[in-house]
Amino acid sequence: MHERVHAAATGGHVALVGVWDPVSEGLAEFFRATVSAARRRGLGVLVVTLAPDPVATLRGPLSRPSFQDVEYRLWYQKQCGVQSRIVVHLTRREVEEGGAALLLDGIRRHVTVAGLLLKPGQSLGRGAPGGIAAIRDYCARAGIQVDFTDPYRATAGIEEARAHLANGRLARAVELLFQRLHWARPSSGSRVLPWPPGTYAAQPMETPPSTTACAHGRAGMDRARDGDEGAPVQVHLTPCPGGSRLRWPEGAPPWLAFVSGPGDSGRAPAGLGGRTDRRTNQWTRGRP
């Protein structure tokens, strides 16, 4: 198990564990409410993001493609007031055989965990080692209080949207989720996306829109688009193991918000004003 710590505040924390993809208005409300409730107890909040999704680790990344970049999910958590954020990567064997003890031992190396907040029916691994009895037993020995929360209001149509994404129909996925799909520029300038290869349209931006804008349905998506600096550009994903490789367009800002894919109609989105040259990968801004 590999833990990537993005923020680790001092003091005790209430821990939340999940994949958190895609984000939603309900998820933002859940994070903020948890932060407020923890603050009243003198605690911070730790959000643990499992990346990749354990289901994708078992079945393959193309079987369960991600909507939003992990970096975007971390950014979103920070905007909601979450004090500590850790990304956990589990190997296939750890997903199959690990459980509550493996996961909680790992995160407690970095942050003091005073409470664990679970959704009804949530487990922390397959079978008995990840079941509620194992979770309660571990937490009782470690002095961690276990609580349960009402399920937050997830975005409707997630699985339908994921099926469209898996077939390159990204515009339909965006429409169902009321949000564009944000990915951050990697330090290497290249990354693998668990999407089909082909030509996509994406909005280049310096920073994602506020959580208020991106979590309030169609109206919020329209407000977020109004604040963008540049017109959408075309980017080309090439086949590679695990999905498709994206070479970040040279000269493009640090974020891309994808709006359509190769499975959508051949018409480019309205306002498509830039592109990347297939040979040089140079991003060029079109006429406004």
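**Group meeting: a walk through the predicted model**

Okay, surface first: the protein chain exposes about 13,200 Å², and carbon and sulfur atoms supply 50% of that area. Bear in mind throughout that this is a predicted model. The chain has 288 residues, and 52% of them count as buried. On secondary structure, we've got eleven helices and 14 strands. And if you take the contacts between residues at least 6 apart in sequence, 80% of them join residues at least 24 apart.

How far do we trust it? Mean pLDDT for the chain is 87, with 84% of the residues at 70 or more. There are weak patches, though. Residues 219-227 have pLDDT below 50, and that stretch has 13 contacts in the model beyond near neighbours in sequence. Then there's 267-288, where pLDDT stays under 50 as well, and there the model has 54 contacts beyond four places in sequence. Where pLDDT is low, the predicted coordinates should not be read in detail. I'll leave those contacts alone, then.

Let's go to strand S3, residues 44-50, and pick out Thr49. Buried or exposed? Thr49 counts as buried, because its relative accessibility is 0%. Its side chain makes a polar contact with the side chain of Gln77, at 3.0 Å. Gln77 also turns up among the residues in contact with Thr49 once you leave aside neighbours within four places in sequence, and so do Gly18, Val19 and Trp20, plus Arg73, Leu74, Ile86, Val87 and Val88.

Hang on to Trp20 from that list, please. Trp20 sits in the loop between S2 and H1, and its phi is near 60°, which is positive in a residue other than glycine. With 7% relative accessibility, Trp20 counts as buried.

That loop has something else to show. Pro22 is in the loop between strand S2 (12-18) and helix H1 (25-40), and the peptide bond leading into it from Asp21 is cis, omega near 5°. Where's the other cis bond I want to point at? It runs from Ala51 to Pro52, again with omega near 5°. Pro52 is in the loop between S3 and helix H2, which covers 54-59.

Next up, Glu94, in helix H4, residues 92-97. Glu94 counts as buried, at 19% relative accessibility, and the cut-off for buried is under 20%. Which residues does Glu94 touch, leaving aside neighbours within four places in sequence? Met1, His89 and Leu102. Look at Met1 in particular: the Glu94 side chain reaches the backbone nitrogen of Met1 at 2.2 Å. And while you're there, the C-alpha atoms of Glu94 and Pro54 are 9.4 Å apart, with their positions 40 residues apart along the chain.

Last stop, helix H9, residues 170-177. Its buried residues are Leu170, Ala173, Val174, Leu176 and Leu177. Viewed down the axis of H9, those buried residues fall within an arc of 165°, so they line one face of the helix. The spacing fits the textbook picture: an α-helix has 3.6 residues a turn, so residues three or four places apart point the same way.

Just after H9 comes Phe178, with a positive phi of about 60°. Phe178 is in the loop between H9 and strand S7, residues 181-184. And how accessible is Phe178? At 32% relative accessibility, Phe178 counts as partly exposed. Set that beside Trp20, also with a positive phi but buried at 7%.

That's my tour, thanks.

Methods. Residues are numbered from 1 along each chain as its sequence is written. Side-chain values use heavy atoms; hydrogens and water are left out. Buried means under 20% relative accessible area, exposed over 50%, partly exposed in between (1.4 Å probe, protein chains only). Helices (H or I, at least four residues) and strands (E, at least two) are DSSP runs, numbered from the N terminus. The arc is that of the directions from the helix axis to the C-beta atoms. pLDDT is the predictor's confidence in each residue, from 0 to 100. Contact means heavy atoms within 4.5 Å. Accessible areas come from the Shrake-Rupley method with a 1.4 Å probe; for residues, only the protein chains shown count as cover. A polar contact is a pair of N or O atoms within 3.5 Å; within protein, one must be able to donate a hydrogen and the other to accept it, and residues adjacent in sequence count only if both atoms are side-chain atoms.
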